[in-house]
Amino acid sequence: MKIIQSKEVFCFSIDSVLLARFASVPRTRGRILDLCTGSGVVPLLMSVRSRCPIDAVEIQDRLYDMAVRNVTLNGLEERITVHQGDVKEAVQFLGYGRYDMVTCNPPYMPVTGDASFLNKRDHVAIARHEIMLTLEEMIAASSRLVRPGGKVAYVHRSGRLAEIMDQMRKYDLEPKRLRIVYPKPGAEANMVLIEGIRGAKPDLKVLPPLIVYREDGQYCEEIHDIYYGSKTEEL
């Protein structure tokens with residue numbers, strides 16, 4: 001698989017890779033949607049695990065163009081369709097409750113009153129900060145787009161886990177699977193992978209921790225298998 005990206009815009013990182021493996025994507029029947037798709041890396045990686053049609057939404061012109069070119073470059077035009085548009089309005093051009101799985105690697109950082117810290121490159125700032133899409137807006141959109149009984153999966157900062165779960169329940173997305181990601185042994189968590197079901201009853205399954213690096217700075221075996229090996233199981 002070949003993936004075009006640019007440091008001038010925004011490069012994907014391990015969080016997108018982990019989300020694509022964590023999500024319980026349908027294998028052969030159903031429809032999948034990825035929000036805030038960026039250069040399209042999550043749909044590209046999910047296409048290895050599923051034969052279902054995949055839609056993707058990206059608002060930024062350059063990233064949308066990059067995602068379209070990535071789909072074409074990998075010969076996946078018949079399976080992946082990229083839409084340019086605002087996630088908040090996606091239900092208007094994609095339809096209500098059409099998807100069996102909705103994934104998102106959203107902007108992580110809330111915008112405070114002092115915006116001087118924002119990256120001067122607008123593409124990077126929009127990808128990292130909630131300038132055009134807040135956490136609540138993303139979760140609300142996911143709830144409208146996924147069918148009753150369908151699943152949503154997100155990757156986010158661990159420090160916002162309580163807020164994520166509150167917002168998921170507010171919009172009838174019951175958290176069902178949770179995996180906490182640690183950069184190395186003994187370190188505090190820095191990411192969470194969470195999956196919910198629309199309209200489900202409470203029953204959260206907390207999976208074993210995922211550690212990215214060993215003490216020697218090399219990838220742990222599971223991460224190494226995800227990147228370089230033949231590991232295809234869900235995280």
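Student: Where does Met132 lie?

Tutor: Met132 is found in the loop between helix H5 (122-128) and helix H6 (135-145), where helices (H or I, at least four residues) and strands (E, at least two) are DSSP runs, numbered from the N terminus. Residues are numbered from 1 along each chain as its sequence is written, and the model is a predicted one, in which local features need pLDDT of at least 70 and side-chain atom pairs count only at pLDDT 80 or more, while totals for chains, interfaces and linings use all residues. Side-chain values use heavy atoms, with hydrogens and water left out.

Student: Why is Met132 called partly exposed?

Tutor: Buried means under 20% relative accessible area, exposed means over 50%, and partly exposed is in between (1.4 Å probe, protein chains only). Met132 has a relative accessible area of 33%, so it counts as partly exposed.

Student: What makes the nonpolar surface patch of about 220 Å²?

Tutor: The patch is made by Val111, Ile131 and Met132. Patches are made of residues with over 30% relative accessible area and no salt bridge, like charges being joined within 9 Å and nonpolar side chains (Val, Leu, Ile, Met, Phe, Trp, Tyr) within 5 Å. The 33% of Met132 is over 30%, so Met132 meets the area condition for a patch.

Student: How many helices and strands does the chain have, and how much of the chain counts as buried?

Tutor: The chain has 8 helices and 9 strands, and 48% of its 235 residues count as buried. About 11,300 Å² is exposed by the chain, with carbon and sulfur atoms supplying 50% of it; such areas come from the Shrake-Rupley method with a 1.4 Å probe, and for residues only the protein chains shown count as cover.

Student: Why is the pair of Arg31 and Asp55 called a salt bridge?

Tutor: A salt bridge is a side-chain nitrogen of Lys or Arg within 4 Å of a carboxyl oxygen of Asp or Glu. The closest N and O atoms of Arg31 and Asp55 are 3.0 Å apart, which is within 4 Å, so the pair counts as a salt bridge. Arg31 lies in the loop between helix H1 (14-22) and strand E1 (32-35) and Asp55 in strand E2 (residues 54-58), so the pair ties together parts that are 24 residues apart in sequence. Arg31, at 25% relative accessibility, is partly exposed, whereas Asp55, at 4%, is buried. The structure holds 10 salt bridges.

Student: What makes Glu136 and Lys170 a salt bridge, and which parts does the pair tie together?

Tutor: Their side chains meet at 2.6 Å, N to O, which is within 4 Å, so the definition is met. Glu136 lies in helix H6 and Lys170 in helix H7 (residues 161-170), so the pair ties together parts that are 34 residues apart in sequence. Glu136 counts as partly exposed at 28% relative accessibility, while Lys170, with a relative accessible area of 53%, is exposed.

Student: Why are H1 and H8 described as roughly perpendicular?

Tutor: H1 and helix H8 (residues 221-228) pack at an angle of about 85°, with their axes 11 Å apart. Axes are lines fitted to C-alpha atoms, for helices over the stretch in contact, and angles run from 0 to 180 degrees between N-to-C directions. Angles under 35 degrees count as roughly parallel, over 145 as roughly antiparallel, 65 to 115 as roughly perpendicular and the rest as oblique, so H1 is roughly perpendicular to H8. Ile14, Val17, Leu18 and Arg21 of H1 make the contact with Ile223, Ile226 and Tyr227 of H8, contact meaning heavy atoms within 4.5 Å.

Student: Why is H1 called largely enclosed?

Tutor: In H1, 9 of the 9 residues are buried, so the helix is largely enclosed by the rest of the structure. Among them are Ile14, Val17, Leu18 and Phe22.

Student: Is Ser47 buried or exposed, and what is Ser47 in contact with?

Tutor: Ser47 has 5% relative accessibility, which is under 20%, so Ser47 counts as buried. This residue lies in the loop between helix H2 (41-46) and E2. Leaving aside neighbours within four places in sequence, Ser47 is in contact with Met1, Ile54, Leu76, Arg79 and Ile80.
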